[in-house]
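Reader: Hi! I'm new to reading structures, and I'd like a close look at one part of this one. Could you walk me through it slowly?

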Amino acid sequence: MSEAAPHLVVRSISKRYGPTTVLDHIDLTIRRGELVTLLGPSGCGKTTLLRAIAGLAQPDSGKVELAGRDITHVPPHKRNVGVVFQSYALFPHLTVAGNVAFGLKVRGTARREINAAVERALSLVKLGHLAGRRISALSGGQQQRVALARAIAVEPDVLLFDEALSALDRKLREEMQVELRRLLQDVKATAIFVTHDQDEALTMSDRVAVMNKGRIEQLAEPRELYLRPASLFALNFVGLSTRISGTVLAADNGKVDVETKVGRLSALGNFQTGSPVIVAARPEQLRLGEQSEANSAAGRVRSVVFQGSRTLVEVDAGAGESLLAELSERDGAIPRVHDEIRLSWPVTETFAFPMEAQA
Amino acid sequence: MTEAALPAPVAAPAVDRERLTAIGFVLPSFVIIAGVFALPLVLLLGVSVIDANGLTFANYRRLLGTPYYLGVIWNSLRLGLLTTIIAFLISYPAAFALARAHGALRSVLLATLFLPLAASVIVKAFAWTILLRSDGIVNETLIALGIIEDPIRMIFTETALIVGAVNIFLPFMILPIYAIVAQLDPRYAEAASTLGASPIVTFFHVILPLTLPGIIAGVALVFSLSVSAYVVPTLLIGEKYPTLATTIAKAYLLAREPGFGAAAGVVLLGIAIAVVALSARLSREPK
């Protein structure tokens, strides 16, 4: 995909509800064919941003451009967006085919064309055999597919998913994540997902925007987001981590030495000497035993959680600090609860974040 | 071996007990409905077709064969239809306003709907006569404001009748529609708009069909109440607008013709049943 031209551009949009700032000068540019997730806790503004793009919420300031057109003040029915709602909002008085045909019918499309498009959309979501069914006769997973087919049938410029998978049970949701991503790539759709589920975000998206308090904290590819979180909030919200508080002793060229209650640790980051910081590392970076030129800390194993291919070991490092390590059987015996162990991890995989940004 | 092939039907007593329990639950309501509703209805039917000489359809011939009584039936239908249509036109937007209102405003609006139900129909009809009569509040106000010089004849006109009937039966239209509208997920309208439907298209293709059950319930209620109204036409228009209800009363109380009154009652019941059956059919989800 080399279609790098901006397709959807959100320029500094803000939205307040009374005293609460829901969107705080958000900028977001999405390329044609890109799948982007807005990830964040409830109340972070992700749904409001999606609704502003759909035209269902009017921003107080800022602009929205879609396919080269300024749609900031265009009503939703003239925007050519497709929305899949969390509750699906399928019309209960229409059949499956009636729902999928709705968007084309109100556009005045010729009947023969509608029938072909409905058939195509339903076969895409593998529901061709249920065209004549009533909505109430469908399972949750089937309704989800009908909602998707209905949104796709009008060939929108952008597809918007508002927590669209969260009503499904876990197994079905995980299957749908993979299937939906493949389907959207097949039809070369540009899509934005809103979710609070980090697995969904990492699985489905080309890029993830982590949102907090009406701002985008980080916009990055899933891999980069996980490996190089830009803020403590992003670190906490995506994946697990070991976090230890301390004070910067020495700073030098993007690297800091930090005095903590579990010993002196080195981390990446730019801080002034004396700054309070949080030092963090992903659990899979922690290994049993010493390594040269690495951070290390010791403690007593508090819990061991077997998760199949990996085992999560939580270590009480004393002084209220704990370490979280993800160990594999291949790298040696897994310690047991109450064992005294030492863990070490590379300095290049250790981050420091300012203390006051505690999420 | 033959004895062993026929085990005792152990499950049977349990089933019988369940059935007995069910019958026990149904029995009281069945007795009440049969005693105070079905039986009098059968008697009513009987009285309307049996006189001293045996079986007769004279009452129905008189009712359905004379222009005067056809006019009476039309008056009842007209009262029912006009009241229902006007009440619907007022109630539909009102139900949406009620559903959109929040907090104290919604409570106040709901109270203004429910409180009048506590007052007798007679009181409300009289209130309208006080408002509308020649020296009533409406005329006096208009004269005082210099808009008119002589009082307008308002009481004992069809307009007065319909205005009063609409006012009195309005809650029975608003409440069932409101009950549906209040539960209508706003996402339906949003989904329609993102699919390209303008507000007007959304209204006719999504909102209206989804609120149809409330409309049908309200129409059935208001029509059956107004088509059979007695107090309202008696007080607001009187003799010159005879309806089936006033005819029934006259047949029993003045003319002493119970057979004819019963026949009029059966016709009125027939109209009401037809409307209720039709609305039940319309509100049933198509397969």
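Which residues of chain B does the UniProt annotation "transmembrane region" cover? Please start there and take a close look at the last stretch, then show me what else is in the model.

Author: Sure thing. Keep in mind that this is a predicted model. According to the UniProt annotation "transmembrane region", which comes from an unreviewed entry, the stretches in chain B are 25-48, 68-96, 108-131, 160-181, 188-208, 214-238 and 259-280. The same kind of unreviewed record also has the annotation "domain: ABC transmembrane type-1", covering residues 73-279 of chain B. Over residues 73-279 the chain is 80% helix and 0% strand, and the C-alpha atoms at the two ends sit 21 Å apart.

Now for the stretch you asked about. Residues 259-280 of chain B are 100% helix and 0% strand, with 31 Å between the end C-alpha atoms. For another example, take residues 68-96 of chain B: that stretch is also 100% helix and 0% strand, and its end C-alpha atoms are 42 Å apart.

The helix to look at here is helix 12 of chain B, which spans residues 258-283. Let's see what it packs against. One partner is helix 11 of chain B, residues 244-253. The two axes come within 8 Å and cross at roughly 160°. An angle over 145 degrees counts as roughly antiparallel, and therefore helix 11 and helix 12 of chain B are roughly antiparallel to each other. Their crossing is left-handed. On the helix 11 side, the contact uses B:L244, B:A245, B:T247, B:I248, B:A251 and B:Y252. Helix 12 of chain B answers with B:P258, B:F260, B:G261, B:A264, B:G265, B:V267 and B:L268. Sorted by class, this contact of helix 11 with helix 12 of chain B has ten nonpolar, three polar and no charged residues.

Another partner of helix 12 of chain B is helix 9 of chain B, residues 199-227. Here the axes come within 9 Å and the crossing angle is roughly 180°, so helix 9 and helix 12 of chain B are roughly antiparallel too. Helix 9 of chain B brings B:L212, B:P213, B:I216, B:V219, B:A220, B:F223, B:S224 and B:V227 to the contact. From helix 12 of chain B come B:I271, B:A272, B:V275, B:V276, B:S279, B:L282 and B:S283. The tally for helix 9 with helix 12 of chain B is twelve nonpolar, three polar and no charged residues.

Next, where chain A and chain B touch. That contact takes 17 residues from chain A and 15 residues from chain B. In chain A, the elements giving two or more residues to this side are strand 6 (81-84) and helix 2 (96-106). The chain A side divides into eleven nonpolar, five polar and one charged.

Helix 2 of chain A has a helix partner of its own: helix 4 of chain A, residues 140-153. Their axes are 7 Å apart and the angle is about 25°, which means helix 2 and helix 4 of chain A are roughly parallel. The crossing of this pair in chain A is right-handed. A:V96, A:N99, A:V100, A:F102, A:G103 and A:L104 of helix 2 meet A:V146, A:A149, A:R150 and A:A153 of helix 4. By class, that contact of helix 2 with helix 4 of chain A holds seven nonpolar, two polar and one charged residues.

Chain A has sheets as well. In one open sheet, four strands line up in the order 2-1-4-5 with antiparallel pairing. Strand 2 (20-31) and strand 5 (69-70) of chain A are at its edges with a single partner strand each, so one side of each has no neighbour in the sheet. Strand 1 (residues 6-17) and strand 2 of chain A are joined by eight bridges, and A:Y17 stands opposite A:T20.

Another open sheet of chain A has five strands, in the order 15-19-16-17-18, again with antiparallel pairing. Its edge strands are strand 15 (287-288) and strand 18 (321-327) of chain A. Strand 15 is joined by two bridges to strand 19 (residues 340-346) of chain A, where A:R287 has A:S344 as its bridge partner.

Finally, there's a hairpin in chain A. Strand 11 (residues 242-252) pairs antiparallel with strand 12 (residues 255-260) of chain A over six bridges. Two residues lie between these strands, and A:N253 takes a positive phi near 55°.

Methods: Residues are numbered from 1 along each chain as its sequence is written. Chains are lettered from A and ligands numbered from 1 in the order in which they are written. This is a predicted model: local features need pLDDT of at least 70, side-chain atom pairs count only at pLDDT 80 or more; totals for chains, interfaces and linings use all residues. Two strands pair if DSSP finds at least two bridges between them. Axes are lines fitted to C-alpha atoms, for helices over the stretch in contact, and angles run from 0 to 180 degrees between N-to-C directions. Angles under 35 degrees count as roughly parallel, over 145 as roughly antiparallel, 65 to 115 as roughly perpendicular and the rest as oblique. A crossing is left-handed if the near helix is turned anticlockwise from the far one by less than a right angle, and right-handed if clockwise. Two residues are in contact if their C-beta atoms, placed from the backbone, lie within 7 Å. Ala, Val, Leu, Ile, Met, Phe, Trp, Tyr, Cys and Pro count as nonpolar, Asp, Glu, Lys and Arg as charged, and the others, Gly among them, as polar. UniProt positions are given in the numbering used here, feature names are shortened, and annotations may be inferred rather than shown by experiment.
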